[in-house]
Amino acid sequence: MKILIFSFTLTLIVFLFSSCRSESEEKYFSSLVAIHTCDTISVTYNNQIKAIFESKCLECHTAGAVAGCDLDSYEHSTSYIQSTQPISRLYDYVKNNDHQGVILDTCSLKQLAKWMLNPAP
């Protein structure tokens, strides 16, 4: 019986020490919020859209590879969006994640939609 109690106590102690975190609650929860936060209020080309285009679009949409749809600069991107308004084909192509294997997460789609409604700055 003493062996059983000793084993249980030892297991409990090991479990308690192995589950401790060295970071504060504030730091832990703020890092979780930062991961799941999607800024759709102040969307700009340089802060969000350029990175989306570079990672998902520029493999094909640069240097005239797709006629009329270069997304390699702010000027080219806004020119394409304005030429296809009021409903931009760009958003339509990517919103269902079925455009040439391009898959955008929900945050990127929201940011793209927000920026396309008012592509400045």
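**Entry 1. The cysteines**

I began with C38, which is partly exposed, its relative accessible area being 27%. I note at the outset that the structure is a predicted model. I then looked up C107 and found this residue partly exposed too, with a relative accessible area of 23%.

How many disulfides does the structure hold? I found one disulfide. The bond joins C38 to C107, with an S to S distance of 2.0 Å. I recorded 90 degrees about the S-S bond, and the link of C38 and C107 is right-handed. I placed C38 in the loop between α2 (25-36) and α3, and C107 in helix α6, so the pair ties together parts that are 69 residues apart in sequence.

I next checked C57 and C69. C57 is in no disulfide, and the nearest cysteine sulfur, that of C69, is 8.1 Å away. C57 is buried, at a relative accessible area of 10%. C69 likewise takes part in no disulfide; for C69 the nearest cysteine sulfur is that of C57, 8.1 Å away. A disulfide requires the two sulfur atoms to lie within 2.5 Å, so I left C57 and C69 unpaired, 8.1 Å being the separation of their sulfurs. I also entered C69 as buried, with 4% relative accessibility.

**Entry 2. The chain as a whole**

I turned to the overall make-up of the protein chain. Its secondary structure comes to six helices and zero strands. Along the sequence I read the pattern α-α-α-α-α-α. The protein chain has 121 residues, of which 25% count as buried. I also looked up the contacts between residues at least 6 apart in sequence: 53% of these join residues at least 24 apart.

**Entry 3. Helices α3 and α6**

Two packed helices are described by the angle between their axes and the distance between the axes. I looked up both values for α3 (residues 45-56) and α6 (residues 106-117): the angle is about 120 degrees, and the axes are 10 Å apart. That angle makes α3 oblique to α6. I recorded the crossing of α3 and α6 as left-handed.

Which residues make the contact? On α3 I listed Y45, Q48, I49, I52 and F53. On α6 I listed S108, Q111, L112 and W115. Sorted by class, the contact of α3 with α6 has six nonpolar residues, three polar residues and no charged residues.

I note that α6 also carries C107, one partner of the disulfide.

**Entry 4. The loop between α3 and α4**

I then examined three residues of the loop between α3 and α4 (74-83), starting with V66. V66 is partly exposed, with a relative accessible area of 31%. Setting aside residues up to four places away in sequence, I found V66 touching C60 and H61.

H61 lies in the loop between α3 and α4 as well. Is H61 buried or exposed? I found H61 buried, at a relative accessible area of 12%. Not counting residues up to four places away in sequence, H61 touches V66, C69, D70, L71, D72 and H99. One of these is C69, which I had already entered as buried.

I located D70 in the loop between α3 and α4. D70 is buried, its relative accessible area being 16%. The cut-off for buried is under 20%, so I entered D70 as buried at 16%. Leaving aside neighbours within four places in sequence, D70 is in contact with H61, T62, A63, G64, A65, H76 and S77.

**Entry 5. Two C-alpha separations**

My last look-ups concerned pairs of residues set apart along the chain. Y74 is found in helix α4. At 25% relative accessibility, I counted Y74 as partly exposed. Y74 and Y45 are 29 residues apart along the chain, and I recorded 6.8 Å between their C-alpha atoms. Y45 is among the residues of α3 that make the contact with α6.

I found E54 in helix α3. E54 counts as partly exposed, with 47% relative accessibility. The C-alpha atoms of E54 and D72 are separated by 7.7 Å, the two residues being 18 residues apart along the chain. D72 had appeared above among the residues that H61 touches.

Definitions and conventions: Residues numbered from 1 in each chain as written. Predicted model: local features only at pLDDT ≥ 70, side-chain atom pairs only at ≥ 80, totals over all residues. Heavy atoms only, no water. Axes fitted to C-alpha atoms, helices over the stretch in contact; angles between N-to-C directions. Helix = DSSP H or I, 4+ residues; strand = E, 2+ residues; numbered from the N terminus. Parallel < 35°, antiparallel > 145°, perpendicular 65-115°, else oblique. Left-handed = near helix turned anticlockwise from the far one by under 90°. Contact = heavy atoms within 4.5 Å. Nonpolar A, V, L, I, M, F, W, Y, C, P; charged D, E, K, R; others polar. Buried < 20%, exposed > 50% of the residue type's maximum accessible area, 1.4 Å probe, protein only.
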